Amino acid sequence: SAVLNAIAASQNASVISALELDFTKASAGKIVALDSKLNIEMRLQLPKSAVVPGANYAVAYVAPDGAFAILPAVVTESGVLAFYAKGGQGAYAVIRY
(Lines give C-alpha, C1' and ligand atoms only; values in the text may rest on other atoms or scores of the structure.)
Protein backbone atom coordinates (compact mmCIF):
# COMPACT_ATOMS: atom_id res chain seq x y z
CA SER A 1 0.00 0.00 0.00
CA ALA A 2 1.11 3.54 -0.67
CA VAL A 3 0.68 4.49 3.00
CA LEU A 4 2.93 1.64 4.20
CA ASN A 5 5.57 2.61 1.62
CA ALA A 6 5.35 6.26 2.73
CA ILE A 7 5.82 5.26 6.38
CA ALA A 8 8.88 3.19 5.43
CA ALA A 9 10.29 6.08 3.38
CA SER A 10 9.81 8.45 6.34
CA GLN A 11 12.13 6.15 8.31
CA ASN A 12 14.67 5.75 5.45
CA ALA A 13 13.66 2.09 5.47
CA SER A 14 12.84 -0.58 2.89
CA VAL A 15 9.64 -2.64 2.89
CA ILE A 16 10.56 -6.34 3.21
CA SER A 17 7.05 -7.79 3.10
CA ALA A 18 3.46 -6.75 3.74
CA LEU A 19 0.37 -8.48 5.07
CA GLU A 20 -3.14 -7.76 6.26
CA LEU A 21 -4.40 -9.16 9.54
CA ASP A 22 -7.92 -9.21 10.99
CA PHE A 23 -8.27 -10.25 14.63
CA THR A 24 -11.87 -10.91 15.66
CA LYS A 25 -13.90 -12.90 18.18
CA ALA A 26 -17.33 -14.49 18.21
CA SER A 27 -19.69 -12.67 20.58
CA ALA A 28 -23.44 -13.39 20.89
CA GLY A 29 -23.38 -15.21 17.56
CA LYS A 30 -21.69 -12.30 15.74
CA ILE A 31 -18.12 -11.74 14.59
CA VAL A 32 -16.73 -8.67 16.37
CA ALA A 33 -13.36 -6.97 15.81
CA LEU A 34 -10.98 -7.05 18.76
CA ASP A 35 -10.08 -3.65 20.23
CA SER A 36 -7.04 -2.06 18.55
CA LYS A 37 -5.59 -1.41 22.03
CA LEU A 38 -5.11 -5.16 22.37
CA ASN A 39 -1.54 -6.31 21.59
CA ILE A 40 -1.14 -9.73 20.01
CA GLU A 41 2.28 -11.36 19.98
CA MET A 42 3.31 -12.37 16.46
CA ARG A 43 6.26 -14.24 15.01
CA LEU A 44 7.05 -14.30 11.30
CA GLN A 45 9.79 -16.20 9.52
CA LEU A 46 11.62 -13.87 7.15
CA PRO A 47 13.29 -15.18 4.00
CA LYS A 48 17.07 -15.59 4.41
CA SER A 49 17.64 -12.87 1.81
CA ALA A 50 15.79 -10.36 4.04
CA VAL A 51 17.98 -10.90 7.10
CA VAL A 52 20.90 -8.46 7.20
CA PRO A 53 23.23 -8.69 10.21
CA GLY A 54 23.28 -5.41 12.13
CA ALA A 55 20.16 -4.01 10.43
CA ASN A 56 17.23 -2.63 12.41
CA TYR A 57 13.69 -3.88 11.83
CA ALA A 58 10.24 -2.56 12.70
CA VAL A 59 6.67 -3.07 11.51
CA ALA A 60 4.63 -0.25 9.97
CA TYR A 61 0.93 -0.49 10.84
CA VAL A 62 -2.09 1.21 9.28
CA ALA A 63 -5.66 0.83 10.63
CA PRO A 64 -8.76 1.10 8.43
CA ASP A 65 -9.47 4.58 9.88
CA GLY A 66 -6.02 5.80 8.77
CA ALA A 67 -4.34 5.65 12.18
CA PHE A 68 -0.77 4.41 11.86
CA ALA A 69 2.20 3.47 13.99
CA ILE A 70 5.69 2.07 13.78
CA LEU A 71 5.80 -1.02 15.96
CA PRO A 72 9.11 -2.21 17.45
CA ALA A 73 10.35 -5.57 16.21
CA VAL A 74 13.19 -7.95 16.97
CA VAL A 75 14.78 -10.38 14.49
CA THR A 76 16.70 -13.45 15.61
CA GLU A 77 19.79 -14.75 13.80
CA SER A 78 17.59 -17.44 12.23
CA GLY A 79 15.32 -14.74 10.74
CA VAL A 80 12.30 -14.93 13.05
CA LEU A 81 10.74 -11.48 13.44
CA ALA A 82 8.77 -10.84 16.65
CA PHE A 83 6.39 -7.93 17.21
CA TYR A 84 3.02 -7.08 18.74
CA ALA A 85 0.14 -6.68 16.27
CA LYS A 86 -2.99 -4.67 17.10
CA GLY A 87 -6.46 -6.12 17.61
CA GLY A 88 -8.97 -5.66 14.81
CA GLN A 89 -8.10 -5.13 11.17
CA GLY A 90 -4.88 -3.61 9.89
CA ALA A 91 -2.25 -3.58 7.19
CA TYR A 92 1.33 -4.29 8.21
CA ALA A 93 4.71 -4.00 6.50
CA VAL A 94 8.00 -5.35 7.81
CA ILE A 95 10.57 -2.60 7.31
CA ARG A 96 14.38 -2.72 7.52
CA TYR A 97 16.66 0.24 8.03
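Is Tyr 92 buried or exposed? Select Tyr 92 and have a look: Tyr 92 is buried, with a relative accessible area of 0%. Keep in mind during this tour that you are looking at a predicted model. We'll come back to Tyr 92 once you know your way around.

**Stop 1: the whole chain**

Zoom out and switch to a cartoon view. You should find one helix and eight strands in the protein chain. Trace the chain from the N terminus and the elements come in the order α-β-β-β-β-β-β-β-β. The C-alpha trace spans about 50 × 25 × 20 Å along its principal axes. There are 97 residues in the chain, and 32% of them count as buried. Now for contacts: taking those with a separation of 6 or more, 71% are between residues 24 or more positions apart.

**Stop 2: the five-stranded sheet**

Next, colour β2, β1, β8, β4 and β5. These five strands form an open sheet in just that order, with antiparallel pairing. Which strands stand at the edges? They are β2 (30-33) and β5 (68-72); each has a single partner strand, so one side of each is left without a neighbour in the sheet. Turn the view to look across the strands: the twist averages 30° from one strand to the next.

Now zoom in on β4 and β8. They run antiparallel and are joined by six bridges. To see one spot along this pairing, select Ala 58, which stands opposite Ile 95 in β8.

Slide over to β1 and β2, another antiparallel pair, this time with four bridges. Here Ala 26 stands opposite Ile 31 in β2. The two strands make a hairpin with two residues between them. Click on Ala 28 in that turn: its phi is positive, about 55°.

**Stop 3: the helix on the sheet**

Select residues 2-10 to pick out helix α1, which packs on the sheet and touches β1 (14-27), β4, β5 and β8. Compare directions while you're here: that of α1 makes about 140° with that of β4.

Show the side chains of Leu 4, Ile 7 and Ala 8, the buried residues of α1. Why do they sit on the same side of α1? They cover an arc of only 100° around the axis, which puts them on the same side of the helix. Follow these buried residues outward and you'll see them pack against β1, β4, β5 and β8.

Now rotate to the face of α1 turned away from its buried side. There you'll meet the exposed residues Ala 2 and Ser 10. Step past the helix to Asn 12, which follows α1 and has a positive phi, near 55°.

**Stop 4: the aromatic cluster**

Time to go back to Tyr 92. Select Tyr 61, Phe 83 and Tyr 92 together, since this stop is about their rings. The three form one aromatic cluster. A pair of aromatic rings is described by the distance of the centres and the angle of the planes.

How many aromatic pairs does the structure hold? It holds two. Tyr 61 and Tyr 92 make a tilted pair, 5.1 Å centre to centre with 45° between the planes. This pair links distant parts of the chain: Tyr 61 belongs to strand β4 (residues 57-62) and Tyr 92 to strand β8 (residues 88-96), 31 residues apart. Phe 83 and Tyr 92 form a tilted pair too, with 5.9 Å between the centres and 50° between the planes.

Check how covered the partners of Tyr 92 are. Tyr 61 has 5% relative accessibility, so it counts as buried. Phe 83, at 3%, counts as buried as well.

**Stop 5: Leu 81 and its company**

Select Leu 81, found in strand β7 (residues 80-86). Its relative accessibility is 0%, so Leu 81 counts as buried. Add Leu 46 and draw a line between the C-alpha atoms: the two residues are 35 apart in sequence and 6.8 Å apart in space. Leaving aside neighbours within four places in sequence, the contacts of Leu 81 include Met 42, Leu 44, Tyr 57, Val 59, Ala 73 and Val 94.

**Last stop: a salt bridge**

Finish with Glu 41 and Arg 43. Their side chains meet in a salt bridge, 2.8 Å from N to O, and the count of salt bridges comes to one. Glu 41, at 46% relative accessibility, counts as partly exposed, while Arg 43, at 55%, counts as exposed.

Note on methods: Residues are numbered from 1 along each chain as its sequence is written. This is a predicted model: local features need pLDDT of at least 70, side-chain atom pairs count only at pLDDT 80 or more; totals for chains, interfaces and linings use all residues. Side-chain values use heavy atoms; hydrogens and water are left out. Rings of Phe, Tyr and Trp (its six-membered ring) pair if their centres lie within 6.5 Å; planes under 30 degrees apart count as stacked, over 60 as edge-to-face and the rest as tilted. Buried means under 20% relative accessible area, exposed over 50%, partly exposed in between (1.4 Å probe, protein chains only). Two strands pair if DSSP finds at least two bridges between them. Axes are lines fitted to C-alpha atoms, for helices over the stretch in contact, and angles run from 0 to 180 degrees between N-to-C directions. Contact means heavy atoms within 4.5 Å. A salt bridge is a side-chain nitrogen of Lys or Arg within 4 Å of a carboxyl oxygen of Asp or Glu. The arc is that of the directions from the helix axis to the C-beta atoms.
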